[in-house]
Amino acid sequence: MNFSDLTTILPLITLVGWAIILILVDLFIPAQRKGIMAMLSAIGIMISLVIAICQFGGQTTAFSGMVVFDGFSVFLQILFLISGLAAIALAYDYIKRQGIERSEYYILLMFSLSGMTLMAMADDLIIIFLALELLSIPLYVLAGFANPRLDSEEAALKYFLLGSFSDAFVVFGTALVFGAARTTTIPGIIAAITVGAANLILLMVGAALILIGLGFKVSIVPFHMWTPDVYQGAPSSVTAFMAVGAKTAGFAALLRVFMAAFNTLAVDLVPVLWALAALTMILGNITAIVQGNIKRLLAYSSIAHTGYISMVLVTINQSRITQHAVGAALFYLVAYAVTSFGAWAVVITLEHSEGKGLNVEDYAGLGRKYPALAAAMTVFMLSFTGVPPTLGFLGKFYIFRAVLEGGYVGLAIIGVLTSLVSAYYYLRVVVVMYMREGEPLVRKEFWLSSTIFMTAIATVIVSIFSTPLFTWASKGIMFIPK
Amino acid sequence: MLPVSYFIGLAAVLFAIGTLGVLIRRNAIIIFMSVELMLNAGNLAFVSFARAFGLLDGQIFVFFIMAMAAAEVAVGLALIVDIFHTKQSIDIDQMNSMKG
């Protein structure tokens, strides 16, 4: 280890160090003024964000190849840190009015965020495991943050049991890959496969176990059972962060591991990945139709979006389109993050204590009483469906293009058809908002309103000028040191 | 020295027992114990491969995994105790307050 290793992971060090200092600072802040902690942690994340942006460009590895610094990692780090800021903006007023304002919320959020930024840089299966735990363990606590509310506690327990179950799969898979390739670094695994030194059966089983473990984290069907309950039970601000951050981190690992290291196993893996992506899209979208609770609806919609993103994994063995495929996945993750934070912010605006105001029917009359809020929600729903001119449309467009370039026409057709199905339940929200009479109860809170405003604007404006973002995302190729 | 495949076989059996335990048992503590068994199966595989290859890496990874497992215990037991306070039960079949 030397000094340049430390500068490579400086955004991460800043986050962790700042969070540890905040634990001490918290002692000196009186109980009524814990809102200061939100500001302080936002400042920490912003410092980390500035450092991450300054580091832009260049490729290097650090800590003997355990972490890698490349376009992919910088892109994801910036996405994670901005998500962290949005998560704080959503939580600030919400946890106050739910009576769960404790400063540990922000500290745990920062620790979870540091796990995500580590995941963006991880180039070794062990670091991927460590990052996975570092981001998950604070999230287990955050999911149960509204205790003694029973559904929050239940959500935390379910998330914890299934989360640690999936981590065990990652551990055992990593052990088998270590046995197959005699190393756990991704360049090392690639080298072992290239020279033919790897035991392919062990490697295959290991890759399958890692796929199951990470599949739980990003909720690929059939490993999605926990998602609706956890998303519904956890405090909404936590759910928003979980839906964006944990899923993006899981995909960071999936893309890094499967696109780079396991692409020689494609003959066996592609049919499985094909089936998983198709199943996820179909089941997620069809189950979402019958949901009456908006949090459950968004949970199933997030499963469906997992399906769309995991479509790109079927192109793992086609190196000529890897750049397009990874770029499309990263672009989709940005689109999903922006739209999700907006939609969840609207959900939080209408949510009352005791879980009231969470049914789709509670949105009746929103179009007449609060036209701006209803317009924003419409934008988010259209973006989730994939209607132009929104980010969601371009995300789907790039994904389908990458899949078609890979020659998987059938999968792309399933994707388009399930998108049509999804229009039914997304547009039902819009119909209820505009066509039904009702007296919605809305809270005007500065940070929530500005998050909704900014994400709605971004969903439309960025989609019109999307080319630079996609170019940047496709430059996020993974650096494989020789 | 025994061939490494014996140890990996044992690790695989432990992992399978752990997986079955998670899927079959309904008590949150027992499920959690089964998860620990799965993690230790991973540890055993790491150590035996490290010994067979003469590489120290695998043994160091086991320390990472053990530390992480300890952190999980700290959080997990707290969550289980917490839900026991509210519900007087840790049977996961009764964790059904959310439906949809």
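Lys87(B) comes out as partly exposed, at 23% relative accessibility (buried is under 20% relative accessible area, exposed is over 50%, and partly exposed falls in between, with a 1.4 Å probe and protein chains only). Its partner across the chain boundary is Glu154(A), with the closest N and O atoms 3.9 Å apart in a salt bridge (a side-chain nitrogen of Lys or Arg within 4 Å of a carboxyl oxygen of Asp or Glu). The pair runs from helix α7 of chain A to helix α3 of chain B, residues 57-87 (helices, H or I of at least four residues, and strands, E of at least two, are DSSP runs numbered from the N terminus). Unlike partly exposed Lys87(B), Glu154(A) counts as buried, because its relative accessibility is 0%.

All of this comes from a predicted model, in which local features need pLDDT of at least 70 and side-chain atom pairs count only at pLDDT 80 or more, while totals for chains, interfaces and linings use all residues. Residues are numbered from 1 along each chain as its sequence is written, chains are lettered from A and ligands numbered from 1 in the order in which they are written, and side-chain values use heavy atoms, with hydrogens and water left out.

Stepping back to the interface as a whole, 42 residues of chain A are in contact with 45 residues of chain B (contact means heavy atoms within 4.5 Å). The two chains bury about 3700 Å² between them, and carbon and sulfur atoms account for 81% of that (buried area is the accessible area, 1.4 Å probe, that two parts lose on being put together, summed over both). On the chain A side, Leu157(A), Phe172(A) and Phe178(A) lose the most area to chain B, together making up 18% of what that side buries. Charge pairing across the boundary comes down to one salt bridge. Polar contacts between the chains number four residue pairs, both residues at pLDDT 80 or more (a polar contact is a pair of N or O atoms within 3.5 Å; within protein, one must be able to donate a hydrogen and the other to accept it, and residues adjacent in sequence count only if both atoms are side-chain atoms).

As for where the chain A side comes from, α6 (125-143), α7 (150-181), α9 (200-218) and α10 (226-233) each supply at least two residues. Helix α7(A) gives the most, with 22 residues. Sorted by class, the chain A side has 25 nonpolar, eight polar and nine charged residues (Ala, Val, Leu, Ile, Met, Phe, Trp, Tyr, Cys and Pro count as nonpolar, Asp, Glu, Lys and Arg as charged, and the others, Gly among them, as polar).

Over all chains, the search turns up 12 salt bridges. One of them joins Asp229(A) and Arg296(A), 3.1 Å from N to O. Those two sit 67 residues apart, Asp229(A) in helix α10 and Arg296(A) in helix α13 (residues 294-310). Asp229(A) is buried at 13% relative accessibility, and Arg296(A) is buried too, at 5%. Another bridge links Glu437(A) with Arg368(A), the closest N and O atoms being 3.0 Å apart. Here the loop between α18 (409-435) and α19 (446-464) holds Glu437(A), while Arg368(A) lies in helix α15 (residues 366-369), 69 residues away in sequence. Glu437(A) is exposed, with a relative accessible area of 63%, and Arg368(A) is exposed with a value of 63%. Through shared partners, Glu154(A), Lys158(A), Asp229(A), Arg296(A) and Lys87(B) end up in one network of salt bridges.

Another charged residue, Arg256(A), lies in helix α11 (residues 236-261) and is buried, with a relative accessible area of 2%. A polar atom of the Arg256(A) side chain lies 3.4 Å from the backbone oxygen of Ala122(A). Not counting residues up to four places away in sequence, Arg256(A) touches a set of residues including Asp70(A), Phe72(A), Asp123(A), Met478(A) and Phe479(A).

The largest nonpolar core has 228 residues, and Phe258(A), Phe262(A) and Tyr363(A) have the most contacts inside it (such a core is a set of buried Ala, Val, Leu, Ile, Met, Phe, Trp, Tyr and Cys residues joined through side-chain atoms within 4.5 Å). Helix α14 (residues 322-350) of chain A provides the largest share of this core, 21 residues. Beyond four places in sequence, Tyr363(A) touches residues including Ile294(A), Val346(A), Val347(A) and Met433(A).
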